[in-house]
Amino acid sequence: MSTQQDQPPLHPLPPFTAETAHQKVKAAQDKWNTKNPQLISPAYTPNSIWRNRDEFFEGREKIEDFLTRKWQKEKNYRLRKELFAFQDNKIAVEFWYEFSESDDPASSWFRTYGIEHWVFAQDGRMASRQMSGNTIPIKQEERWFKDGVDVNEGEVPRGHISAK
């Protein structure tokens, strides 16, 4: 594995503006929607520290292990992230994702709501990710991110997104 010093910066770099923070959020959203842990993990520092609900771990190998386990359980995963706040090298994100419990889209569906707090290294990679989320069961007809719906265009109903 290459060291952080061997890798080119991952733009945009901190300190963030409203525009660059938004770019960072949507880039993360797009990477996560690939469901490819090896494509996602380079966006994090080699020793990135994570808390995901009740799991705590550090490093790209552990990140890849976590994401592999995640998507073995969460099928038909579709994620939307929105910028909540930013300052200097920190970004806060609201997110929503939907998934089913099997590859069969007719199986039971769930939606997770949450907040993430990100801290970035100077090279633009995420040094820390802290996630809090809640998962609820939903009916097939209650899905927001159905096939053919762009996650950026699908409406998130009032009460589910912060006021702009």
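This report walks through a predicted model, starting with its sheet and moving on to helices, salt bridges and a few unusual backbone spots.

## The sheet

A good place to begin is the sheet. Six strands form an open sheet, and their order across it is β2-β1-β6-β5-β4-β3, with mixed pairing. At the edges are β2 and β3 (75-87), each of which pairs on one side only. From one strand to the next, the twist averages 20 degrees. As general background, strands of a sheet pair through backbone hydrogen bonds, either parallel or antiparallel.

Take the β2 edge to begin with. Strand β1 (residues 44-52) is joined to β2 by four bridges, and the two run antiparallel. Within β1 and β2, you can find Ile49 standing opposite Glu58 in β2.

At the other edge, β3 and β4 also pair in the antiparallel sense, here over 10 bridges. One of the residues to look for is Lys81, whose bridge partner in β4 is Phe95. These two strands make a hairpin with two residues between them. Strand β4 also holds Trp96, which is buried because its relative accessible area is 2%. Trp96 and Arg80 are 16 residues apart in sequence, yet their C-alpha atoms are 5.4 Å apart in space.

Strand β6 offers another residue worth a visit, Ser128. With a relative accessibility of 16%, Ser128 counts as buried. Leaving aside residues up to four places away in sequence, Ser128 touches Ser48, Ile49, His117, Trp118 and Val119. The side chain of Ser128 also makes a polar contact of 3.2 Å with that of Gln130.

## The helices against the sheet

Helix α1 covers residues 18-32. Why does the distance between its end C-alpha atoms agree with what a helix should span? At 1.5 Å a residue, its 15 residues should span 21 Å, and the end C-alpha atoms are indeed 21 Å apart.

Helix α1 packs on the sheet, where it touches β1, β3, β4, β5 and β6 (126-138), and its direction makes about 165 degrees with that of β3. The buried residues of α1 are Thr20, Ala21, Lys24, Val25, Lys26, Ala28, Gln29 and Trp32. It helps to recall that an α-helix has 3.6 residues a turn, so residues three or four places apart point the same way.

Helix α3 lies across β1, β2, β3 and β4, and runs at about 45 degrees to β1.

## Salt bridges

Side chains of opposite charge can pair when their charged atoms come close. How many salt bridges does the model have? The count comes to nine. Three of the pairs are set out here.

| Pair | Closest N to O distance |
|---|---|
| Glu55 and Arg69 | 3.0 Å |
| Arg111 and Glu98 | 3.0 Å |
| Asp123 and Arg125 | 3.3 Å |

Glu55 forms its salt bridge with Arg69. This pair links distant parts of the chain, since Glu55 sits in strand β2 (residues 55-58) and Arg69 in helix α3 (residues 60-73), 14 residues apart. Glu55 is partly exposed at 27% relative accessibility, and Arg69 is partly exposed with a relative accessible area of 35%.

Arg111 is bridged to Glu98. That pair also joins distant parts of the chain: Arg111 lies in strand β5 (residues 109-120) and Glu98 in strand β4 (residues 90-100), 13 residues apart. Are these two residues buried or exposed? Both Arg111 and Glu98 are buried.

In the pair of Asp123 and Arg125, Asp123 counts as buried at 14% relative accessibility, while Arg125 is buried with a relative accessible area of 5%. Elsewhere, a network of salt bridges links Lys26, Arg80 and Glu82.

## Unusual backbone spots

Most residues other than glycine have a negative phi, and most peptide bonds are trans. Here are some exceptions to look up.

Lys35 is not a glycine, but has a positive phi of about 60 degrees. You will find Lys35 in the loop between α1 and α2 (37-40), and at a relative accessible area of 34% Lys35 is partly exposed. Asp88, also not a glycine, has a positive phi of about 55 degrees. Asp88 belongs to the turn of the β3 and β4 hairpin and is partly exposed at 48% relative accessibility.

In the segment before α1 lies Pro12, and the peptide bond from His11 to Pro12 is cis, with omega near 0 degrees. Pro15 lies in the segment before α1 as well, and the bond from Pro14 to Pro15 is cis, with omega near 0 degrees.

Technical notes: Residues are numbered from 1 along each chain as its sequence is written. This is a predicted model: local features need pLDDT of at least 70, side-chain atom pairs count only at pLDDT 80 or more; totals for chains, interfaces and linings use all residues. Side-chain values use heavy atoms; hydrogens and water are left out. The expected span of a helix is 1.5 Å times one less than its number of residues. Buried means under 20% relative accessible area, exposed over 50%, partly exposed in between (1.4 Å probe, protein chains only). A salt bridge is a side-chain nitrogen of Lys or Arg within 4 Å of a carboxyl oxygen of Asp or Glu. Two strands pair if DSSP finds at least two bridges between them. Axes are lines fitted to C-alpha atoms, for helices over the stretch in contact, and angles run from 0 to 180 degrees between N-to-C directions. Contact means heavy atoms within 4.5 Å. A polar contact is a pair of N or O atoms within 3.5 Å; within protein, one must be able to donate a hydrogen and the other to accept it, and residues adjacent in sequence count only if both atoms are side-chain atoms.
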